[in-house]
Amino acid sequence: MTEPATPGTPAGDELPAAEPIPSTRRRIPLIWTLPVVVVLAGAFVVIHEKLAQGTSIEIRFHNAEDLEPNKTKIRYKDVEIGEVSDIHVAKDRKEVIVTAMIHRDASEYLVDDTSFWVVRPRVSAAGITGLGTLVSGAYISVDVGKSANESKRFVGLDVPPIVTAGQPGREFILHTDDLGSLSIGSLVFYRHIVAGQVVAYTLDPGGSGVTLKVFVNAPFDAFVAAGTRFWQASGIDMSLSSDGIKLRTESLTSILQGGVTFRALPGSAFTPVAGDTAFTLYSDEDRAMRPIETEIRTFVMYFRGSLRGLSAGAPVELHGIGVGEVRSVDVEYDRDAAALRFPVVVDLYPQRIRGRKAGGTRLTAATEGPETASRVLIDSLVAHGLRAELKSGNLLTGQKYVDLDVHSEAPAEAIWWKEQPAVFPTTSNGLDEIQDSIAGIARKLNKVPFDQVSYRLISTMTALEQTLKSMDQLMQHVDGTLAPQIQATLAEAQGALKNAKELLGQDAPLQSDLGATLLQLSRAAKAVTGLVEYLERHPESLLRGKPGDSQ
Amino acid sequence: MPLVMLCPACDLAHRRTAAPPFGRTRCVRCHKPLQVARNTTIDTAIALAVCASVLMFLANVYPLVAMHVNGASRQTTLIGAALGLYDQHYKMLAVLVFLTIFVAPLLHVVTLLYVLVPLWIGRSAYGQNFLIRLITRVRPWSFTEVFLLGTVVALVRLAKFAHVVPGIALWSCVLLMLCLSAMTSRTSSEQLWQWTGRGGQ
Amino acid sequence: MSARAATGRSLGLLVCLDCHLTMRDVRATQMRCPRCHARIHERKPYSLALTTTLLVLAAVLYIPANLLPVMDTRTLIDDESDTIMSGVLVLLHSGSWPIAMLVFVASIVVPLLKILSLGVLIYSAWLRLPNGRMQRSQLYRAVEFIGKWSMLDIYAISLLATLVQVQSFASIIVGWGAWAFGAVVVLTLLATHAFDERLLWDTR
């Protein structure tokens, strides 16, 4: 239907029709952004995890005790740097291969001298360690090495290392005959302070001794110098010598597990030494601290009397000052003299005796010549009566020592330098004479004929004694009333005794009379004994008398 | 006869009509949803399925939660949680857990992709009929959301005495749950058959 | 709805439960859906019998599921056995009462309600009770929906048991209650699936 067109407006047919909005069909619906986002996020997560994953390493242990995959951690200085991911037995069945994942930021620790060990409760020479792992479970601890080469395969240690890399201090080598009570981990002391530990020991080739490696911590390693002596301070050092009993110990720890002590020799020069210098490990402080004798003269001495109590190492003293040491005590059979001799080989240290010439100047090697100085010294001493004598150092232990002293009354003697070794003159002490006297008295006493005393005398004395005893008892029973028999018997006994007295008095008859009297006495004693016995059985006869007797 | 459609819930006969433009139709008696909109694109379903597969990967490969107590720590993945029951010799229970949190969702997603992608490009997948049946039958046994809630309960109990750290898998699981429920609501049996071109009740 | 509503049964039609295709009933012993090749039945075979059996089993196992311990927590100093209920109380006491309520509802209330509801449904289906069919239908769908949420505690237990295995410190051992509980959940799920919803609407 058309309307008359109003002026100014276009005709109806020319009006455009509204057109429908074309439906723009997206090629890709909006929903696809969601999976794209998700895929990207997923990829991001995966890549992130892979990058952060860290390195996989292999550690070989002897067994997998206390280790669990996905549970046991790996720690360096107690900071977790990784975790065990897998454990399986090696193909050769001798080891266990532990695979572990180490965190990314710890991968720089993986060099070829890095060491791994399992921390679990452990009792060792250093004490009890690792108790915390009872609750938290065992873990693997790391000691990072200094090498520059990376590594992914390691061999685990069986025990924690004594010394971790980077610990300040130095190692030294000690040689000794005998390990004693030392072991790995035994402590090293300096002035009773723990200064280090024994790290390792090996038997010398040929089995001639033991070489130890000790690690001395800083700052104590600075005190190890050229003149330092090391000795074993293990346990309780007890020595029985002529000086008496000496008891020495370093510490309770060293009693239990042994230890090593070191000290600078007094008077020695302090020249510092480098690490790994070798020292001798002495067995005790005395031996260690002995100054090195520059001159030793060996002599042989012959003593009379028993050498029991004299042992090698016994001191030779001059007025109580040590000037030498007994080296050995031997037995010799002299065929010519057909006698046994007992040479005692002795080392003297003449350096300890300072010689002075007349005028006060010292006798030294410089003035007299090396060999002669001490010879002159000793010769002059001996000429003045210096003799060696065996003395008892300790009555308790019976230890003996060699005492040098000037005996002015000693007969003149000299050293026989021609013999090898030279013979030193000896003298004997007074103890031997005392022994002889005592022996003589004993012999005289032996000669007294004690077995010739009269046998009868002895038995009579015994019988008399018994009688007197019984009479005493009887007196106690009776309260005053004495039977005439007793009186008579007593009178008789008294008479007999009187007789005996007369017989044994000034005009005592000869021994044969005594014998008769003694016989009488014994008869009387027998009678009394019989009476007493009867009375004991029939006490009423005291009053009533014997049946058949009249009062 | 083709003019009648039955309600599968109450067996009531309805006159067959064309599929609605949007939304769904339902049974007049018991209100069971019957027909689906005819213009839902298949893209959404496939996009969601792709998301779900990526999320499933993340949820199973990475740890679910990590627990730190007294220096000791443990963590587990999704499958590890099922295996934990197996290790304690509750084999049937472990299998149940494994089926419901791993196998069922996996089958759901994978089968759906396998069926839908060919449809998207205009072909039908081999075994399509069986697989569409499989999807609708397996789907009710996928309990991802229940599992997540169970994990929350477990974490609350653990947090009492340990330091608990949720892992990547946990967050993936949350997103997966949302994804799966979105997928399920868009891929009903009727919808799937409609996409195959053999739709209609 | 009037009693003369046309149903598939009255019209001789069948519907496929998998693809919801309506088809003619040919009254063969075995029938297949022409579209999806699923097996077709007029009603789920032995629906009531199967559902009842599964339900009774579930009900029987519900008792040990709650009485037997589901989780045994062993620590250095302690050894605690927890049933589902005691686990709820532990959560309550430790202050996380929302979680406690959640576990309580999911693990104790829900299975019980499911069992009871299914019982009601079976009963009304068997007797073909006329009134309240809509409500019962809704009840069935609710049971279908919340069925899976009872698995909550099982997942929590499996996660705890997997994680807390720090041997020297604490370990969690799963108890038989968990197994019984899992069985209850599965059985109720199967029972729900075996039940044919259409039985609620059948008049003969």
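**Interfaces, sheets and backbone outliers**

His37(C) is placed in the loop between β3 (31-32) and β4 (39-40) of chain C. The model is a predicted one. Most residues other than glycine have a negative phi, and most peptide bonds are trans. His37(C) departs from the first of these habits: its phi is positive, about 60°, although the residue is not a glycine. A second histidine, His192(A), also has a positive phi, near 70°. His192(A) sits in the loop between β11 (187-190) and β12 of chain A. The peptide bond from Ala218(A) to Pro219(A) is cis. Its omega is near 0°. Pro219(A) belongs to the loop that lies between β13 and β14 (228-232) of chain A.

These two loops of chain A involve strands of a barrel. The barrel is closed and has seven strands, in the order β10-β13-β12-β11-β17-β14-β18 of chain A. Pairing in the barrel is mixed. From one strand to the next, the twist averages 35°. Within the barrel order, β13 stands between β10 and β12. Strand β12 (residues 193-203) and strand β13 (residues 210-217) of chain A pair in the antiparallel sense. Seven bridges join them. In one of these strands, β13(A), Lys213(A) is the bridge partner of Ala200(A).

Chain B holds an open sheet of three strands. The order is β6-β5-β7, and the pairing is antiparallel. β6 and β7 (163-166) of chain B each have a single partner strand and stand at the edges, so one side of each lacks a neighbour in the sheet. The twist in this sheet averages 15° from one strand to the next. β5(B) and β7(B) run antiparallel and are joined by four bridges. Across this pairing, His68(B) stands opposite His163(B) in β7(B).

The size of an interface is often given as the accessible area lost when the parts come together. For chain B and chain C, the buried area is about 6000 Å². Carbon and sulfur atoms give 70% of it. Arg29(B), Tyr90(B) and Arg157(B) supply 12% of the area that chain B buries against chain C, more than any other three residues. The contact involves 64 residues of chain B and 67 residues of chain C.

Side chains of opposite charge can pair when their charged atoms come close. Four salt bridges cross the interface of chain B and chain C. Glu145(B) forms a salt bridge with Lys148(C), with the closest N and O atoms 2.6 Å apart. Polar contacts across the interface of chain B and chain C link 21 residue pairs, both residues being at pLDDT 80 or more. On the side of chain B that touches chain C, at least two residues each come from β1 (4-6), β5 (65-69), β6 (72-76), α2 (78-87), α3 (91-120), α4 (128-138), α5 (144-158) and α7 (189-195). With twelve residues, α5(B) gives the most to this side. By class, the side of chain B that touches chain C has 35 nonpolar, 17 polar and twelve charged residues.

The interface of chain A and chain B comes next. Here 18 residues of chain A are in contact with 19 residues of chain B. The buried area is about 1500 Å², with 75% from carbon and sulfur atoms. Ile31(A), Trp32(A) and Val38(A) lose the most area in chain A to chain B. Together they account for 30% of what that side buries. Zero salt bridges are found across the interface of chain A and chain B. The count of polar contacts is one residue pair, with both residues at pLDDT 80 or more. On the side of chain A that touches chain B, α1 (33-51), β2 (73-76) and α2 (133-136) of chain A give two or more residues. The largest share, eight residues, comes from α1(A). This side of chain A divides into ten nonpolar, three polar and five charged residues.

Over all chains, the salt bridges number 22. One of the salt bridges joins Glu58(A) and Arg153(A), whose closest N and O atoms are 3.7 Å apart. Glu58(A) lies in strand β1 (residues 55-61) and Arg153(A) in strand β9 (residues 153-155) of chain A, so the pair ties together parts 95 residues apart in sequence.

Definitions and conventions:
Residues are numbered from 1 along each chain as its sequence is written. Chains are lettered from A and ligands numbered from 1 in the order in which they are written. Side-chain values use heavy atoms; hydrogens and water are left out. Contact means heavy atoms within 4.5 Å. Buried area is the accessible area (1.4 Å probe) that two parts lose on being put together, summed over both. A salt bridge is a side-chain nitrogen of Lys or Arg within 4 Å of a carboxyl oxygen of Asp or Glu. A polar contact is a pair of N or O atoms within 3.5 Å; within protein, one must be able to donate a hydrogen and the other to accept it, and residues adjacent in sequence count only if both atoms are side-chain atoms. Ala, Val, Leu, Ile, Met, Phe, Trp, Tyr, Cys and Pro count as nonpolar, Asp, Glu, Lys and Arg as charged, and the others, Gly among them, as polar. Two strands pair if DSSP finds at least two bridges between them. Axes are lines fitted to C-alpha atoms, for helices over the stretch in contact, and angles run from 0 to 180 degrees between N-to-C directions.
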